[in-house]
Every structure is written in C-alpha cells, then in structure tokens.
Amino acid sequence: MSVREMIITRSSPGLGKPGRYLAYLPGLALLALVGYAGKVAANYVPHMEYVLFAIAFGMAITNAIPLPRVFNVGIRTYELWLKIGIVFLGSRLAWQNVMSIGATGLCLVVVEILISILVARYLAARAGLSEKLGSLIGVGVGICGVSAIIGATGAIDAREEDASYAIATILIFGAFMVFLYPFLGHLLGLDATAFGYWAGLSVDNTAEAVATGFAFSEAAGQVATVVKMSRNALMGFVILGFALHYARQGVAKEVENKALFVWQRFPKFLLGFLAISLLVSLGFFAPAQVKVLSNLSKWFFLLTFAGVGLSLRFDRMKAGFKPFLVGLGVETAVATITLLMILLVF
Amino acid sequence: MSLSKVKLSADWWAVIVGAVGIVAIKLGILTHLPW
C-alpha cells in the first residue's frame, strides 16, 4: 500500500458535491451497525467496554470478508467522527480538569517525545535503516501516529517507502495496544487517572489512544483524550524541528514561514473541544443539555471505534522485519518509561 | 488537493458540527438523546 493510498485511507475525505454524499451511506451504515452491535454485546459481558467489541467486530468483518469497495469511502470518515466526538467530549470535562491534565500531560509529553525520537533513531542506526526512517518511526510513536508521519514525510523529504514502513509499524502496534493495555492496566492495578495518562502518552494514533482509554473506563478515556491532545498540539513544533534539522543538512527544503508551518499542523478541532469545556464550566448549558452533548460524543465515538476496527486490514500491514523490530523496541521503551514516570508522579 | 487542506477541512468541520450542535441544543431542537 503506497503512502498516497494510506493518506487517502486514513484521512477524512473533503466534503464535495451533494451527489457524492450518497457514496458515503453504505460505509456509514456499516459503521453504525458494527458500533451498535459492539454496544449491545457489551451489555451481555460484565466489565467489558463496548469499545473493544466495536473494534473486534470491525476487525473480524474486514479481515474475514473482502468488503466491496462501495463501503470504503464511508468507513474512511471515522477520523472525522473522532474529531467531532472529541469536540463534544469537552462537555464531560470541566475546564479546570482540562487545564490541569493538559499541563501535567504536556510536561510528561515532552519527555516522552524526546525518548521516542532518540530511541528510534538509535535503534534504526543499529539496524542499518535510514536516518529518516528512524526519525519517522520516532515521530510516529512520539506524537501522533499516522498524521505526524505524513506531516514529517513532506517536511523532511523522506522516501515514500520509509513512510509506508513507519505507518505500517505504527498501525500494527496501535491495534495491538488497544487490547493489551487495558489488560496490563488491570493487572498492574492502575487507577483510571494513571491508566488514562499512560494510554494518552504512549499509544501511537489518536483513535487508538482514545479507544484504549475508554476500553479501560469512561474516566480513563477522558484523561487519555486530553493527554493525547497535548501530544498532538506539539506536533507542529516537533516536525518543524526536524524540517529545520534536515534543511540545515541540505537534504530538505527550507521552511519560509515557521508560524504558518506550526499552525497548519495544529489540531484545530482542539479549539472546539476547549470552547465546549469552557462553556459548560461557565454554566452556559442546563444539566439536561450537558447530558445531550455528552451522549453526542459517545455516539460519534461509537462510529469512530467501528471505523478503527474496519480499517485494520492485516494483509495491508507489511512493515518489513527491521522496521518492525525497531518499532517494537521504541514502543517497549516508551511504554516502560512512561509507565515509570506515571507511577512516580501519581 | 494537498494533504494539509484535507486535514484542515476535517478539523474545521468538527468545530462547525460542534457549533451546530450547541445551537440545536440551545434552540431546543435537540432536547433528548439517549445512550
């Protein structure tokens, strides 16, 4: 699968002519069906969140049955539903909590990103991989998974093959973590806050990080989302750092407008999330209205998690042995060090 | 269409849907949504 295909697969499509909306319907209906089946299944299994069922059902369907292409365009919208779900999630978190979690998260995130990039570059060099592939894996694990890799690929003029390997590596580990982390969290006796920080800091892709948090508990999911947003907010700065580094070496283009460069990579939906959190904290909504906002968030997340599962096609994830090993090393280092940081802080 | 434009579009659409949701709730159009 080429980077271009991955970009198209992972990105929310732009909204075009009215006629095109019909093309989204089959995939959207499948997202709703799979997500709702996960919600129903969770009612019958104690201590299991619907998130895991929605993802598992989606994965089972997409890997067992070759889905007709007519579903693809609708399934690809799940990142848009994720962003909308996060905007409405603002209603479930008081402004003070957002600021508190965000500030603590930001400090831990800086350490986590540095570890990730340094370990990835070191292991890539030891494995004989290109320096740029090491940087891409480091950026993917450290910040925002696929979005960060795509952003960095253009900024540092990396090879398409390197980006494909880095993205495949991130997706493989992301899928694995959604199921492994909640199990480990319960095994280690972590509380919702500590687990939320751990998932938000160390799970690679935004959808998977949010899913992992909510797979543990509602409270953990809220913390994981805010911490992951802190990571995403730093994406522009880290990619800018790499762009300047490679431009100085003469292997990438110069960055003309640094402020614009950072703004283009800033997750703007974060502004919507902050606005709703602030409005709720200021008492702009009645309790019943807050409940509706909160439920809207849950319904959009339901579509998202179904989309995460339906997009996990194992036959497309051919990372290559060495990039996979480097990814495994970086993931293990980041998961271990972030867990130790969290156990020390909380 | 460049990737940055695609991403910008999804980000801003999320903000727009959030704003529409707020207006609908304040106008009493969306008063009850079960989970």
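## Two helix crossings in chain A

Trainee: Where do helix H6 (residues 95–126) and helix H9 (residues 192–202) of chain A stand relative to one another in this predicted model?

Mentor: Their axes come within 10 Å and cross at roughly 45°.

Trainee: What makes H6(A) oblique to H9(A)?

Mentor: Angles under 35 degrees count as roughly parallel, and the roughly perpendicular range is 65 to 115. The crossing at roughly 45° fits neither class, so H6(A) is oblique to H9(A). The crossing is also right-handed.

Trainee: Which residues meet there, and what classes do they belong to?

Mentor: A:Gly105, A:Leu108, A:Val109 and A:Glu112 in H6(A) face A:Tyr197, A:Gly200, A:Leu201 and A:Ser202 in H9(A) as contacts. By class, that contact has four nonpolar, three polar and one charged residues. Glu counts as charged, so A:Glu112 is the charged one.

Trainee: How do the axes of H3(A) and H15(A) run?

Mentor: Helix H3 (residues 50–64) and helix H15 (residues 287–311) of chain A have axes that come within 6 Å and cross at roughly 35°. This crossing is right-handed. Among the residues that meet are A:Phe57 and A:Ile61 in H3(A), with A:Leu302 and A:Phe305 in H15(A). The contact divides into twelve nonpolar, three polar and no charged residues.

Trainee: How do you know how far to trust chain A?

Mentor: Its mean pLDDT is 86, and 93% of its residues reach 70 or more. Over residues 1–14 of chain A, though, the pLDDT is below 50, while the stretch has 32 contacts in the model beyond near neighbours in sequence. Where pLDDT is low, the predicted coordinates should not be read in detail.

Terms used
Residues are numbered from 1 along each chain as its sequence is written. Chains are lettered from A and ligands numbered from 1 in the order in which they are written. This is a predicted model: local features need pLDDT of at least 70, side-chain atom pairs count only at pLDDT 80 or more; totals for chains, interfaces and linings use all residues. pLDDT is the predictor's confidence in each residue, from 0 to 100. Two residues are in contact if their C-beta atoms, placed from the backbone, lie within 7 Å. Axes are lines fitted to C-alpha atoms, for helices over the stretch in contact, and angles run from 0 to 180 degrees between N-to-C directions. Helices (H or I, at least four residues) and strands (E, at least two) are DSSP runs, numbered from the N terminus. A crossing is left-handed if the near helix is turned anticlockwise from the far one by less than a right angle, and right-handed if clockwise. Angles under 35 degrees count as roughly parallel, over 145 as roughly antiparallel, 65 to 115 as roughly perpendicular and the rest as oblique.
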